Amino acid sequence: MKKVKIIHLGIGKVGKTLVDQILKNKEVIRRTLGIYLIYSGLFNSKGGIFSDSGIDIRDVTKFPGNAVIVDYDKVISFLDENYIIVDTTASSETYGFLDLALKKSCYVAVSNKKPLCGNFNHFKRLVQKSERRFFYETTVGAGLPVIRTLMDLILTGDKIVQIQGCFSGTLGYIFSEIERGIAFSEAVKKAYELGYTEPDPRDDLSGLDVARKALILVRTMGRKTHLDEIKLTSLYPKQMEKLSVNDFFESLKNLDPVFQKRTVSAGKKGKTLRYVVTMDSESCRVGIEEVEKSSNLGSLKGPDNLIVFKTERYLANPLIIKGPGAGIGVTAAGVFADILEAAKLM
Ligand SMILES: NC(=O)c1ccc[n+]([C@@H]2O[C@H](COP(=O)([O-])OP(=O)(O)OC[C@H]3O[C@@H](n4cnc5c(N)ncnc54)[C@H](OP(=O)(O)O)[C@@H]3O)[C@@H](O)[C@H]2O)c1
């Protein structure tokens, strides 16, 4: 029986669901794979709990309870090749810990995009091609197999001609609503009420989250690109950045005629608007595009994601991945699958 110890940073929406999924399935995994998953550490931003031999299951289910005792930097001396570090935070501060953990031969699985989107050398240090100990499948397309597919294409000698896709469930939903004739401001409000947007919808409407996903794909393709090199078009003008959330919602109404005009103009050409990532061997852009209504991107509905890989092998008939690209359950399950991939290699 292989014992695999988990230290989990970020017990928020995705993190809590992942803890539940692991606790519910760990017995099946022990029986079918011979892997015994042990929770050794749980951490939020204020601290956490740790025991090298495993935390009492009641403390895991009750976390944070009143047992906030250590900072995760203090556990470094315990780390070795039997540990998997899981990062489901939304923090840019975890990079140092993840890097140290890899140096101590741990495995790492993240849904957090930020450690992969800073300095390019940091990305390279985490994602070491020759020694696959860092898993980040859910950073693009949540539970959809996007990173794995891209890596398989590259490693089997295929050449990427173009990657195009809709990588944001929130923006996908908003553009589907606009296509149905709903005003932009109303569509954003509905997305907010349904819980599709972040508490401040500008986090979605700026396109920055999509640009981060695009950057992760570009870097996975081996290109030394930085976030500011991705051509990004926000859905709102710069002067709306400083407004309070309430004033921002009010001002969105001013953008309705702009979106309506663009939708009508696209419609006359048999096209529709989508928020699209397009990357080829030279450039990467993220923004609103007019796409054929009958195309793969044009027929996408609601919050689904779609990624089209056009490669030398998949040229006339591209390889397409489609499905829910966000959601707490599918994201947690995607990280869980990465943990199991890592555990099999340990
Ligand atoms: N939701 C999705 O559909 C989806 C899909 C793909 C990827 N993701 C990514 O998954 C991650 C988690 O998303 P979420 O919705 O679960 O976020 P969330 O609910 O905001 O949870 C984030 C958690 O991280 C903790 N945290 C923050 N900084 C930390 C640090 N330095 N060390 C340890 N813990 C820290 C927070 O703790 P406190 O409570 O103490 O602040 C919080 O519990 C994000 O990076 C997100 O982009 C989400």
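I started at the ligand: helix 1 gives the most to the shell around it, with three residues. Helices here are DSSP runs (H or I, at least four residues), strands likewise (E, at least two), numbered from the N terminus.

I noted that this is a predicted model, where local features need pLDDT of at least 70, side-chain atom pairs count only at pLDDT 80 or more, and totals for chains, interfaces and linings use all residues. Residues are numbered from 1 along each chain as its sequence is written.

I listed the shell next. The ligand is surrounded by 26 residues (C-beta, placed from the backbone, within 6 Å). The closest are Gly 10, Gly 12, Val 14, Asn 44 and Ser 45. Helix 1 (13-33), strand 2 (35-44) and helix 12 (328-345) are the elements giving two or more residues. I sorted the shell by class: eight nonpolar, 14 polar and four charged. Nonpolar means Ala, Val, Leu, Ile, Met, Phe, Trp, Tyr, Cys and Pro; charged means Asp, Glu, Lys and Arg; the others, Gly among them, are polar.

I then checked helix 1 against helix 12. Their axes (lines fitted to C-alpha atoms over the stretch in contact; angles from 0 to 180 degrees between N-to-C directions) come within 8 Å and cross at roughly 60 degrees. That makes helix 1 oblique to helix 12 (under 35 degrees is roughly parallel, over 145 roughly antiparallel, 65 to 115 roughly perpendicular, the rest oblique).

I looked up the contact residues (C-beta atoms, placed from the backbone, within 7 Å). Helix 1 residues including Lys 13, Val 14 and Thr 17 meet helix 12 residues including Ile 328, Gly 329 and Phe 336. That contact divides into eight nonpolar, four polar and one charged.

Notes
Contact = placed C-beta atoms within 7 Å.
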